[in-house]
Structures are given as structure tokens and as C-alpha cells.
Amino acid sequence: MRIAVMLSGRGTNLQALIESVHGFDAEIVAVASDHEDAPGLRHARTANILTRSFELDQFERRAARDNAIADWLDENEVELVVLAGYMALLDDSFIARFRDRILNVHPSLLPAFPGTRAVEQAVAYGVKVFGVTVHLVDEGIDSGPILLQRSVELPGYSDPTEVHQILQAIEHELLPEGVRLMVRGAVGRDPANPQRLIIEP
């Protein structure tokens, strides 16, 4: 399966995918970013993966930018889009073009603490159990059907940076696992509840 990864920052989840999925279960053929200086793009270039940046100020509006990204992914025959620390909202038309083929990783136990600064939200709320979610993307904010979740008890942790470092290690395992399930074609929707995903054996 041909995969594209979208990122905004350091690209640690991309590196995890390169090390565990790329060339084994699937092929990462393109990496897109909304920042031309995103450090994560270096991981892709080191692995000889095609990269391109799509800065918002290059376009009249977000929809035009997202349409350009989608066109580029189609040109490269991308079958699955993986959001690995991509911090921009996607236009509804982009989501429609890749319906049920966009996977995202989020540093909370959704539906709790969607959106940005999820770890900071959780720490401020005083939770003792944190976690990571891998889910399909729909038109809402982190509201798509959940594929995988993993929790970790961290009583007494009040530093979001420390919590995020712990959660990143989980992300680096859970996101590749989710990608492998998608590549295998093992993910389907529950006919009785379309918001629930079923993992086929």
C-alpha cells in the first residue's frame, strides 16, 4: 500500500513509521508539511522519500491549500494518509476525497481532550490516567471512529512535557500498529454502529 504522511513538527512519529512500516508492510511514498522548515521533513529526505511543503500563505484560503495537497497525493497514487503530528485542520473536501483512508494519532483517550494542547488540558483537569488514541479522521475535531487506544497511569505527574514524552513512546508503537491494520484491510465499520470500528482477524 502506498502511504503519505503529513506532519507539522519534529516528525518523531514519521521516523517510527519509517523504521517499522516503510519497506516492510507498506511504502511511504510522500511526506507533506504545512511548514517548509518542519524538522520532520529531514527524516523523509534521509529515507529518500518525496517531500513537499504547503504553506498556508501561498494560497488564498485553507480549502485551496488542502485541495493542492490532495491533488499532489493523488498524483503519487496515495492510498492511505497518516497524520503524524499534523497540527492544521483539514478541509471537508480533503476528507471526502480520502474518506476512511485518513488515520490520525492523538495524545489523549478520546473523546476526552480533543483538539490542540490535549496533554496540557488533561494535566490541568487533574487526570491520573493518560493515553493515546489512533482514529480515522472525519469532519469533526478528533471525533472520528476510534481504532486503537492505550492508557497509562501517571499519578502525580503535573509537567505536560514529561507526560508528553511518555505518551510519545506509546504513539511510536500504536500508530504503526494502526497503519499495519489498515494495510491488511483488517479495519471495517460495525454495520449496527458506523461510529464503531471492527478489527477483522
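**Notebook: helix H6, the sheet and two leucines**

I began with helix H6, which has 25 residues and reaches 35 Å from its first C-alpha to its last, close to the 36 Å expected at 1.5 Å a residue. I noted at once that this is a predicted model.

**Entry 1: along H6**

I looked for a bend next. H6 has a kink of about 25 degrees, and its centre is glutamate 171. Glutamate 171 is also among the buried residues of H6. I listed others from that buried set, including Val163, Leu167, Ile170, Leu174, Leu175 and Met182. An α-helix has 3.6 residues a turn, so residues three or four places apart point the same way.

Then I checked the ends. What caps the N-terminal end of H6? Aspartate 159 does, with a side-chain oxygen 2.9 Å from the backbone nitrogen of threonine 161. Just after H6, I found glycine 185 with a positive phi of about 75 degrees.

**Entry 2: the sheet**

I traced the strands. Seven of them form an open sheet, and I wrote down the order S3-S2-S1-S4-S5-S6-S7, with mixed pairing. Why is one side of S3 and of S7 left without a neighbour in the sheet? Strand S3 (50–53) and strand S7 (146–153) stand at the edges and each has a single partner strand, so one side of each stays free of a neighbour there. From one strand to the next, the twist averages 15 degrees.

I then placed H6 against this sheet. H6 (residues 160–184) packs on it and touches strand S1 (2–7), strand S4 (80–83), S5, S6 and S7. The direction of H6 makes about 155 degrees with that of S7.

**Entry 3: strand S6 and its partners**

As a reminder to myself: strands of a sheet pair through backbone hydrogen bonds, either parallel or antiparallel. I looked up both sides of S6. Strand S5 (residues 102–106) and strand S6 (residues 129–136) run antiparallel, joined by four bridges. Valine 105 has valine 134 in S6 as its bridge partner. Asparagine 104 has histidine 135 in S6.

On the other side, S6 pairs with S7, again in the antiparallel sense, over seven bridges. There I found glycine 131 opposite serine 151 in S7. How many of the eight residues of S6 are buried? Seven are, and S6 is mostly covered.

**Entry 4: helix H1**

I turned to helix H1 (residues 12–20). Its buried residues are Asn13, Leu14, Ala16, Leu17 and Ile18. I asked what covers them. The cover includes S1, strand S2 (27–33), helix H2 (40–46), S4, S5 and H6.

**Entry 5: two leucines**

I picked leucine 73 and leucine 56. Leucine 73 is in helix H3. Is leucine 73 buried or exposed? Its relative accessibility is 0%, so it counts as buried, since the cut-off for buried is under 20%. Leaving out residues up to four places away in sequence, leucine 73 touches Ala4, Val78, Val81, Phe94 and Phe98. I also took the separation between the C-alpha atoms of leucine 73 and valine 129: they are 56 residues apart along the chain and 37 Å apart.

Leucine 56 is in the loop between S3 and helix H3 (62–75). I recorded a relative accessible area of 43% for leucine 56, so it is partly exposed. With residues up to four places away again left out, leucine 56 touches Arg61, Arg62 and Arg65. Aspartate 66 is 10 residues from leucine 56 in sequence, and their C-alpha atoms are 9.1 Å apart.

Definitions and conventions. Residues are numbered from 1 along each chain as its sequence is written. This is a predicted model: local features need pLDDT of at least 70, side-chain atom pairs count only at pLDDT 80 or more; totals for chains, interfaces and linings use all residues. Side-chain values use heavy atoms; hydrogens and water are left out. Two strands pair if DSSP finds at least two bridges between them. Helices (H or I, at least four residues) and strands (E, at least two) are DSSP runs, numbered from the N terminus. Axes are lines fitted to C-alpha atoms, for helices over the stretch in contact, and angles run from 0 to 180 degrees between N-to-C directions. Contact means heavy atoms within 4.5 Å. The expected span of a helix is 1.5 Å times one less than its number of residues. The bend at a residue is the angle between axes fitted to the seven residues ending there and the seven starting there. Buried means under 20% relative accessible area, exposed over 50%, partly exposed in between (1.4 Å probe, protein chains only). A polar contact is a pair of N or O atoms within 3.5 Å; within protein, one must be able to donate a hydrogen and the other to accept it, and residues adjacent in sequence count only if both atoms are side-chain atoms.
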